[in-house]
Every structure is written in structure tokens, then in C-alpha cells.
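Colleague: I am new to this one. Can you show me how to read it?

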Protein chains: 2
Amino acid sequence: MTQPKYQVIEQTLRARITDGTYPEGSIIPKEVDLAAEFAVSRPTIRQAIRILVNQGLLERKQHRGTLVRQSKIAQQFTHVIQSYNQEIAANGRCSRTDVLGLYTQLATPEVQQALHLPDDAQVYRLVRLRFADDEPVVLVTSYLPVTPLPGLDQVDFARQSLYTELEHRHLGITSVNRKLEVVAADPDTAASLQVAPGSPTFYFHTLGQVSDGRVLEYSIAQYRGDNNYFTFNIART
Amino acid sequence: MTQPKYQVIEQTLRARITDGTYPEGSIIPKEVDLAAEFAVSRPTIRQAIRILVNQGLLERKQHRGTLVRQSKIAQQFTHVIQSYNQEIAANGRCSRTDVLGLYTQLATPEVQQALHLPDDAQVYRLVRLRFADDEPVVLVTSYLPVTPLPGLDQVDFARQSLYTELEHRHLGITSVNRKLEVVAADPDTAASLQVAPGSPTFYFHTLGQVSDGRVLEYSIAQYRGDNNYFTFNIART
């Protein structure tokens, strides 16, 4: 059993993207030329390219050919809580936040459970769409209890980060618990993130605790799969 | 601006699944009954259910209705390298590994780069499909250099774990560097994992180092999105 040809070609093309043989923003050679180079059929080339398109390394452009995408944004599991703006800046990109909604509502059963709230509790619902260089990166929906945080809905979260605001109120988040899933984007989320419905996304649930152990933040963050990746290091024990 | 009705219903149904009101393996109430309960139209109910299906909490069964799926497998970012069998056992499931391929080949440019090998280096290519309770969970393709590991292709990796085998050779992996992406499953991978092509998957690249710093393992692991999630805790610094 040998490795299928399309996989070998996929790996070769990937290496050429990684080592800069095909630079970011460039158009790669035509299918017919790649087929000649690798001595395979065009469907085999197409299969290899499709995988790299799925992985966000290449992008098909009508009338132009196949483009090498800008690198994905490296998000680090550095075991520290970095702000979104810091992460994006570390990638040499410009960050921006649009506030899509900020209002109070009765906590739904899910939010009640997460924040340990009584039945009739009011919560803030803050929805932010965050960009890097004007490309949507992540849609974040956060729930916070109203009682200990009066007037939170008066804050301009396009300019002020949520974590900084909580610190100013002496209620800074000191530890977070995260759960990561992968989910196909539903039509509304896909429209916000400017991807096709059904595109794979990272789906994080976050519970943020303040130093006395109270859970003050419940957030759902959905990252585009095609412009983000996460790295981490693990030492064996 | 209030929260869309389908989202409130989605969250309510999610809470009922989490708290056991709708137990694992049970059929949830019919669309028409849920529509009556929430005083909304059936398309609104369908939209809420579609999200939970996408997230792997519910599953549509022909002629039977909508089923509450078995919980996803909790994979921990515990900052330790746990074996697959340990992870699955910790979830109270039975693990099994099928070896789909094990042979030597010339390193592709991608593998050469990852393992820091010269042009003509030979590598092992080990492909394993791993199950929990007879359901495919992850497809792992591992590359290892042939030179320091003679006869590795004679090992029965259905019974022996790769990391244990390396330890027996005094070449145990002591630290790993991982990169996580989300990728839509290509048709071949989808067939192995028994999901629909295009289903979202976790896509890990792993570089495993031995204690002297040599990279001895390059692996690509693709986890099904519908039966896995990852949890981790971060303390703020």
C-alpha cells in the first residue's frame, strides 16, 4: 500500500506554500501545468487543491486562478489570558470590534445554569464581532449578571475591552474554564463571519471566574476556521 | 433588539439535554408539540433543532424522530500527554485501534521539513483509526524516521501504543508541540470516520520531541467534530 498520489501532491504544494515558493497572495500554477509537472490527471491535482482550500491555505478566485491565502492568525494556548487586541497585534494585524448588541434580558435556562443564577435573574447580553484587517475573525456572545455590574450596558465595547472594564470595577476575571468544539456555521453566524453556511468553525464556551470564585462571565465565541489556528505545547509527565 | 426566538428555544432545549430532562438516547418531543409549548411556528423549532444537530447534541433518525446523542468524549488539555486509551477509558468507553497502513516511503517535502530530514530520507507512515465503543473517533497518520527505529513496521500497533513502543526503545516522546485547526472532512477521511463529507473536524498537527530535542514524530490527527470536545483551564497572569 502506497500513499495516494493526491496526498503526495497536497503535501508537496503545502510545503511550497510554507517555505514561500508560492508566496502569500500569489496565484499558483494552473491545474494543467501542475498535472504535467506531477505526471497525473487534472482531477488528481484538483483533489489535492480542494484539500488545501478546505484547510484555508488556498482560495479559488473566479477568472483569476487559485490564490495563496494570507496566513491564518496564530492564537496561542499560552496558559495566559491574552486580550483579543493583543493576540491580533502579535500577528501584525489591525484589530477592530463591532458591537452588534448590548442589552439586558431574563437569563435563559442555559445562562442561569452557567452563571449559577436564580430563576428571575437579569443578565446583560453583549454580542461582538471582531476583525483583523477588516476581515471577521470571531463572533462573541457574552452573558454577565446585572446585579453586581450596574450600568454595564452604557459602556462602549467597541473601544473598551470587557476584561479591562471588569478590572476597573475590581471584578477582574482571574481564571477561565474553556470547552472547545467544532461546529458547522449556521446561516446567521455564517453571514456575520462572512463565510459560507456550514463552514467549519471553532466553538468555545468560556466560564470566567473572579478571584472569590464567582462565575461572572459566560461567553460563546465562534472563530472562523479558515483564518485561525491554535498552538500549544505540552510537556509529558 | 431582543434575542431571536429560535436562540432562546435552542438554549432551553440544550439546558434540558444537559440537566437530563431529555436523557441520552431518548427521543425529544415532536416539532408540533414543541411549537405548541413555545407558541412559535414549526420552522422556528426546526431552526433551533438544526443548531443542536450541528453541534452533535441531537441526531435526526428517519421514522423515529430526533434523538439525544450520547455525550461527546471529553478530551483534556491537561498539559500532560495522555494516551488515547487512557482518555477513552476515563470517559467510561471502550477503545480500539485499527491499523489502516504501516510501511516505509521516501519522506515528502512536508515530512522532511517537519522531521528535519535530508532529501533522500526514508520514513515510516503509520495510519491508525481509533474507536470508542465501535464508533470512529480519530484518524491518525504518523511519520517517523526509519534510521533510529529499525523494524518499527513489524510492531502490531493495534495492540501496542506508539508512545509505549518508543519508550521501550529508550526514545520516549517527552514534549509535544501541537497546532489545531478546524477542517471540513474530505471524502476519504469522511468515509473512514463514518461522517458526511464536509463535516467539521478537529485537525491537529503534532511534533513530538525526545529528551535530546530531536523531533521523532510528526502526526496529523483528525477528530470527528460530533463526538469530541476539548476542555482546558487557564489562570490569568
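Modeller: We will go through the interface, the symmetry, the domains and the salt bridges in turn. Keep in mind that this is a predicted model.

Colleague: Start with the interface. How many residues of chain B are in contact with chain A?

Modeller: On chain B, 63 residues take part, and they meet 63 residues of chain A.

Colleague: How much area do chain B and chain A bury between them?

Modeller: The size of an interface is often given as the accessible area lost when the parts come together. Here chain B and chain A bury about 5,900 Å². Carbon and sulfur atoms account for 54% of it.

Colleague: And polar links? How many salt bridges does the rule find across the interface of chain B and chain A?

Modeller: The rule finds two. B:Glu110 and A:Arg14 join their side chains in a salt bridge, at 3.2 Å from N to O. The interface also has 10 residue pairs in polar contact, with both residues at pLDDT 80 or more.

Colleague: Which elements of chain B supply at least two residues each to the side that touches chain A?

Modeller: Take the helices: α1 (5-18), α3 (42-54), α5 (109-115) and α6 (162-168). Then the strands: β4 (95-106), β7 (173-184), β8 (200-210) and β10 (228-235). β7(B) gives the most, with 12 residues. By class, this side of chain B has 29 nonpolar, 22 polar and 12 charged residues.

Colleague: Now symmetry. What turn lays chain B on chain A?

Modeller: A turn of 180 degrees, with a shift of 0.0 Å along the axis. The RMSD is 0.0 Å. That is the relation of a two-fold axis. The same surface serves both copies: 100% of the contact residues of chain B recur in chain A.

Colleague: Which residue of chain B comes closest to the rotation axis?

Modeller: Look for B:Pro200, whose C-alpha is at 2.5 Å.

Colleague: Next, one chain alone. What domains does the assignment give for chain A?

Modeller: Domain 1 covers 5-68 and domain 2 covers 73-230. Their C-alpha centres lie 35 Å apart.

Colleague: Last topic. How many salt bridges does the structure hold over all chains?

Modeller: The total is 34. Within chain A, A:Glu135 forms one with A:Arg69, and their closest N and O atoms are 3.7 Å apart. This pair links distant parts of the chain, 66 residues apart. A:Glu135 is in strand β6 (residues 135-145), while A:Arg69 is in the loop between β2 (65-68) and β3 (73-76).

Note on methods: Residues numbered from 1 in each chain as written. Chains lettered and ligands numbered in written order. Predicted model: local features only at pLDDT ≥ 70, side-chain atom pairs only at ≥ 80, totals over all residues. Heavy atoms only, no water. Contact = heavy atoms within 4.5 Å. Buried area = accessible area lost by both parts, 1.4 Å probe. Salt bridge = Lys/Arg side-chain N within 4 Å of Asp/Glu carboxyl O. Polar contact = N/O pair within 3.5 Å; in protein donor to acceptor, adjacent residues only side chain to side chain. Helix = DSSP H or I, 4+ residues; strand = E, 2+ residues; numbered from the N terminus. Nonpolar A, V, L, I, M, F, W, Y, C, P; charged D, E, K, R; others polar. Least-squares fit on C-alpha atoms with pLDDT ≥ 70 in both. Domains from an automatic or database assignment.
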